Amino acid sequence: MKVRLKPINPKRISDQVFDQLRSLIFRGDYQPGQKIMTERELAQALRVSRNSVREAINKLVTLGFVEQRQGQGTFVRSLDEAVKIPLAAVMEAQDASLIDLLEMRMGIECTSASLAAQRATAADLESIEKAFEEMKADTRVGGLGTKGDLTFHMAIATATKNPLQFYIMKNVSDFLHVGIRENLLHLYEDPANIASILQQHKAILQAIRSGDAEAAYNTMQTHIDYVIRFFRNRK
């Protein structure tokens with residue numbers, strides 16, 4: 001039997017640049033609204049051509065991760081712009097509820113946690129843990145920890161090394177944390193809920209750190225199910 005093999009092509013330089021910049025955005029090294037380095041600076045730092053950098057940035061713009069402002073530079077898109085994403089229009093047209101969104105998030109994030117447990121690098125684990133510590137620190141001073149929460153889940157999505165996984169997750173999380181922030185505040189206002197959520201995130205972190213894909217899936221499922229049950233009980 002003749003076996004068909006496809007030639008292995010090395011990854012394009014521009015794609016490698018794109019991967020690095022995208023990871024910096026999702027890890028929070030580049031914050032929403034922050035200006036990124038110029039093409040020349042990036043080319044020098046990465047030791048690649050400006051054309052490769054330009055192609056990578058154009059891809060980031062197309063996917064909605066950054067925006068280019070005439071005469072000012074390239075900026076990471078603000079989370080407040082998430083309300084403009086297609087998901088918002090779809091939810092409105094289909095009369096979808098917060099529960100519907102959370103149920104969709106269940107499938108995406110459980111898979112993300114499982115893949116992250118298998119693929120996370122040391123840098124990924126550091127980003128996830130840093131976000132968790134940010135959540136804890138914010139709640140200690142009376143905050144809700146929502147920024148750290150969002151960063152935590154995006155760091156996990158980044159650790160999957162699956163570009164579609166964290167692109168979809170970005171749209172879902174941005175809309176969840178910005179478009180319906182008022183609803184989420186009800187969840188975080190109760191100190192008992194905050195303590196439970198912190199414990200759930202700690203369990204997710206430990207499972208991913210240990211490389212246990214099944215435990216990571218289950219702990220994420222427990223967390224999102226907790227949120228779903230909260231909102232169902234509020235009806």
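These are my notebook entries on a predicted model of one protein chain.

**Entry 1. Overview**

I began with the whole chain and counted its elements: the protein chain has 11 helices and 2 strands. I then wrote down their order from the N terminus, which runs α-α-α-β-β-α-α-α-α-α-α-α-α. I next looked up burial, and 45% of the 235 residues count as buried. Last, I turned to the contacts between residues with a separation of 6 or more, and I noted that 72% of them join residues 24 or more positions apart.

**Entry 2. Helices α2 and α3**

I recalled that two packed helices are described by the angle between their axes and the distance between the axes. I therefore looked up both values for helix α2 (residues 39–46) and helix α3 (residues 50–62). Their axes come within 9 Å and cross at roughly 115°. The crossing of α2 past α3 is right-handed.

Which residues of α2 and α3 meet? On the side of α2 I found E39, R40, L42 and A43, and on the side of α3 I found R50, V53, R54 and I57. I sorted the residues of this contact by type and obtained 4 nonpolar, no polar and 4 charged.

I also looked at the loop between α2 and α3, where R47 has its place. The phi of R47 is near 60°, a positive value in a residue other than glycine. I noted this angle because most residues other than glycine have a negative phi. Is R47 buried or exposed? R47 has a relative accessible area of 77%, and the cut-off for exposed is over 50%, so I recorded R47 as exposed.

**Entry 3. E55 in helix α3**

I stayed with helix α3 and selected E55, which is found there. Its relative accessible area is 30%. This value falls between the 20% and 50% cut-offs, so E55 is partly exposed. Leaving aside its neighbours within four places in sequence, E55 is in contact with R12 and S14. I looked up the second of these pairs along the chain as well: E55 and S14 are 41 residues apart, while their C-alpha atoms are separated by 5.9 Å.

**Entry 4. Helix α5**

I turned to helix α5 (residues 98–119) and compared its expected span with the span in the model. At 1.5 Å a residue, its 22 residues should span 32 Å. The end C-alpha atoms are 30 Å apart, which agrees. Where does α5 bend? I found the bend at M106, and its angle is about 25°.

I then selected two residues of α5, beginning with L102. With a relative accessible area of 0%, L102 is under the 20% cut-off and is therefore buried. The C-alpha atoms of L102 and I224 are separated by 7.3 Å, although these residues are 122 residues apart along the chain.

The second residue was L115, also found in helix α5. L115 has a relative accessible area of 15%, so I recorded it as buried too. From L115 I looked across to K161, 46 residues apart along the chain, and the C-alpha atoms of this pair are separated by 8.3 Å.

**Entry 5. Helix α7 and K161**

I looked up the length of α7 next. Its 14 residues reach 20 Å from the first C-alpha to the last, close to the 20 Å expected at 1.5 Å a residue. How many of the residues of α7 are buried? I counted 12 of 14, and I described the helix as mostly covered. Among the buried residues are L150, F152, M154 and I156, and H153 and D149 are buried as well.

α7 is followed by K161, the residue I had already paired with L115. K161 lies in the loop between α7 (146–159) and α8 (163–179). Its phi is near 65°, a positive value in a residue other than glycine. Is K161 exposed, partly exposed or buried? At 41% relative accessibility, K161 counts as partly exposed.

**Entry 6. S127 in helix α6**

My final selection was S127, which lies in helix α6 (residues 122–140). At 13% relative accessibility, S127 is under the 20% cut-off and so counts as buried. Leaving aside its neighbours within four places in sequence, I found S127 in contact with R27 and A155. A155 is one of the buried residues of α7.

Terms used:
Residues numbered from 1 in each chain as written. Predicted model: local features only at pLDDT ≥ 70, side-chain atom pairs only at ≥ 80, totals over all residues. Heavy atoms only, no water. Helix = DSSP H or I, 4+ residues; strand = E, 2+ residues; numbered from the N terminus. Expected span 1.5 Å × (residues − 1). Bend = angle between axes of the 7 residues up to and from the residue. Axes fitted to C-alpha atoms, helices over the stretch in contact; angles between N-to-C directions. Left-handed = near helix turned anticlockwise from the far one by under 90°. Contact = heavy atoms within 4.5 Å. Nonpolar A, V, L, I, M, F, W, Y, C, P; charged D, E, K, R; others polar. Buried < 20%, exposed > 50% of the residue type's maximum accessible area, 1.4 Å probe, protein only.
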